[in-house]
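Trainee: Could you go through this one with me before I start using it?

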Amino acid sequence: MRDAWATGLPPGERGDDNAAVQGGAGRCVGGALISALTAAVGVLVPVAVGAPSASAARPAATQGSGTPGAVLAYGTPFHGSMGGQALNAPIVGMAATTTGGGYWEVASDGGIFSFGTAPFAGSAGGTLQAAAPVVGMARAAAGGYWLVEGSPLAGKVVTLDPGHNGGNAAHPTIVNQLVWDGTGYETCDTTGTATDGGYPEYEFNLNVALAAAADLRAEGATVVLTRTTSTGVGPCVPVRAAIGNDAHSAAAVSIHADGGPPGGRGFAVLEPVADGINNAIVGPSATLAVDLRNEFQAVTNEPPSTYDGVDGIQPRTDLGGLNLSTVPKVLIECANMRNATDAALVVDPGWQQLAAKGIAAGITAFLTGTP
Ligand SMILES: [Zn+2]
């Protein structure tokens with residue numbers, strides 16, 4: 001997705017990404033300031049847009065009043081606006097030149113639109129996209145400006161679903177009841193697996209989910225968890241899917257560890273297959289699977305499974321959590337608890353934190369489109 005300047009340039013807009021490269025420190029990451037200096041030359045072209053306000057007593061917005069990006073002028077000339085123009089990202093701020101002869105509007109993706117005598121000094125848009133939504137700008141006396149990046153996941157809802165629960169084993173009549181999973185019937189939930197030493201999967205899953213939730217919240221996401229303790233029963237798999245759906249999650253990830261053959265190790269990301277209910281999210285879920293696979297492997301150095309899937313990804317038709325999802329969703333088996341090498345990792349709180357970081361990084365890559 002690109003800003004409006006790429007096509008159908010509004011009057012006064014000069015979306016030259018190179019100017020931003022030449023003009024300053026370029027883009028940084030994570031809450032960084034993007035500096036764009038007036039050293040970028042050849043882009044200052046005063047334009048006349050709209051008509052100066054005829055009256056200081058009432059606002060003048062001769063373009064697109066009542067639409068996003070419209071500028072209302074009070075006691076000062078109107079130099080144009082993005083009001084009524086096609087926008088790929090919302091306008092989030094403006095700043096004016098020292099003389100008041102022009103001003104800039106800034107969009108959340110770092111695009112800069114200049115009006116009147118305001119010089120275009122560079123932007124974070126186009127091929128030089130900001131790593132996070134831009135939330136504001138300020139003018140520099142020299143003629144340039146600063147943009148500030150907000151939280152990368154602000155406004156995004158993520159559902160994390162730590163598999164199983166500590167009370168499942170003691171409540172077989174609840175856990176073993178058959179529930180519709182979108183294509184057939186499966187049990188409400190299962191007990192999960194454990195290492196040979198007796199460390200339970202449900203505990204690993206919760207620890208990783210809580211740590212990943214903290215990481216994602218630090219990036220601005222709203223995180224919904226399907227459970228927050230290991231003392232309960234369930235919830236049933238369809239309920240876990242419904243929680244992610246009802247939250248209108250931008251992404252949902254079920255967190256598990258596998259009970260595979262002792263001779264095999266590694267992680268696998270399980271992705272949905274179209275079943276009617278989930279058709280719309282199979283495509284984005286495949287993208288989420290790739291992002292999660294790539295980031296989890298890079299962060300943890302855990303190898304893709306030697307026995308499940310291809311290159312760490314396995315489509316599955318038999319999992320209610322994926323069959324019933326209407327939001328992009330995958331399930332990750334972080335490691336094989338029945339393998340001695342992997343078992344030593346999953347019981348380690350430090351590795352649990354690492355696994356959480358890998359999951360959070362995968363979700364962030366998916367939600368920001370920056371794999
Ligand atoms: Zn499991």
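Mentor: Let me fix one term before anything else: helices (H or I, at least four residues) and strands (E, at least two) are DSSP runs, numbered from the N terminus. Keep in mind as well that this is a predicted model.

Trainee: OK, so which residue just after α8 takes a positive phi?

Mentor: That is Gly369, whose phi is about 65° and which comes just after α8. A comparable entry exists for α3, where Gly220, just after the helix, takes a positive phi of about 100°.

Trainee: And how many helices and strands are there in the chain?

Mentor: The chain has eight helices and 14 strands. Of its 371 residues, 48% count as buried, and of the contacts with a separation of 6 or more, 68% are accounted for by residues 24 or more positions apart.

Trainee: Back to α8, what should its 20 residues span?

Mentor: At 1.5 Å a residue they should span 28 Å, and the end C-alpha atoms of α8 are 28 Å apart, so the two values agree. For α3, the 18 residues should span 26 Å at that rise, and this agrees with end C-alpha atoms that are 26 Å apart.

Trainee: At what angle do the axes of α3 and α8 cross?

Mentor: Helix α3 (residues 201-218) and helix α8 (residues 349-368) have axes that come within 8 Å and cross at roughly 50°, which makes α3 oblique to α8. The crossing in which α3 passes α8 is right-handed.

Trainee: Which residues make the contact?

Mentor: On the α3 side they include Phe204, Val208, Ala211, Ala212 and Leu216, and on the α8 side they include Gln352, Ala356, Ile359, Ala360 and Ile363. By class, the residues of this contact divide into 10 nonpolar, three polar and two charged.

Trainee: Which residues of α3 are buried, and what covers them?

Mentor: Among the buried residues of α3 are Glu201, Tyr202, Phe204, Leu206, Val208 and Ala212. What covers the buried residues of α3 includes the strands β7 (157-162), β10, β11 and β14 (329-336), together with the helices α7 (340-346) and α8.

Trainee: Let's zoom in on Ala212: why is it counted as buried?

Mentor: Ala212 is buried because 28 other C-beta atoms lie within 10 Å, and the cut-off for that class is 20 or more. Leaving out residues up to four places away in sequence, Ala212 touches Leu160, Ala356, Ile359 and Ala360. Ala212 and Leu354 are also 142 residues apart in sequence while their C-alpha atoms are 9.2 Å apart in space.

Trainee: Next pair, then: how do α5 and α8 pack?

Mentor: They pack at an angle of about 140°, with their axes 7 Å apart, and the crossing of α5 and α8 is right-handed. The α5 residues in the contact include Leu288, Asp291, Leu292, Phe296 and Val299, and the α8 residues include Leu354, Ala355, Gly358, Ala361 and Phe366. Sorted by class, the contact of α5 with α8 has 10 nonpolar, four polar and three charged residues.

Trainee: Changing topic to backbone geometry, which residues does a cis peptide bond join?

Mentor: The cis peptide bond joins Gly234 and Pro235, with omega about 10°. Pro235 lies in the loop between β10 (222-225) and α4 (237-246).

Trainee: What about His248, where does it lie, and is it exposed or buried?

Mentor: His248 lies in the loop between α4 and β11 (251-258), and it counts as exposed because it has 11 C-beta neighbours inside 10 Å. Its phi is near 55°, a positive value in a residue other than glycine.

Trainee: And Asp311, what is its phi near?

Mentor: Phi of Asp311 is near 50°, which is again a positive value in a residue other than glycine. Asp311 sits in the loop between α5 (279-300) and β13 (313-316), and because it has 13 other C-beta atoms within 10 Å, it is partly exposed.

Trainee: Last one: in which strand does Ile91 lie, and what does it touch?

Mentor: Ile91 lies in strand β2 (residues 91-96) and, with residues up to four places away in sequence not counted, touches Pro68, Gly69, Met82, Glu105 and Ala107. With 20 C-beta neighbours inside 10 Å, Ile91 counts as buried. Ile91 and Ile112 are 21 residues apart in sequence and 9.4 Å apart in space, C-alpha to C-alpha.

Note on methods:
Residues numbered from 1 in each chain as written. Predicted model: local features only at pLDDT ≥ 70, side-chain atom pairs only at ≥ 80, totals over all residues. Axes fitted to C-alpha atoms, helices over the stretch in contact; angles between N-to-C directions. Parallel < 35°, antiparallel > 145°, perpendicular 65-115°, else oblique. Left-handed = near helix turned anticlockwise from the far one by under 90°. Contact = placed C-beta atoms within 7 Å. Nonpolar A, V, L, I, M, F, W, Y, C, P; charged D, E, K, R; others polar. Buried ≥ 20, exposed ≤ 12 C-beta atoms within 10 Å, placed from the backbone. Expected span 1.5 Å × (residues − 1).
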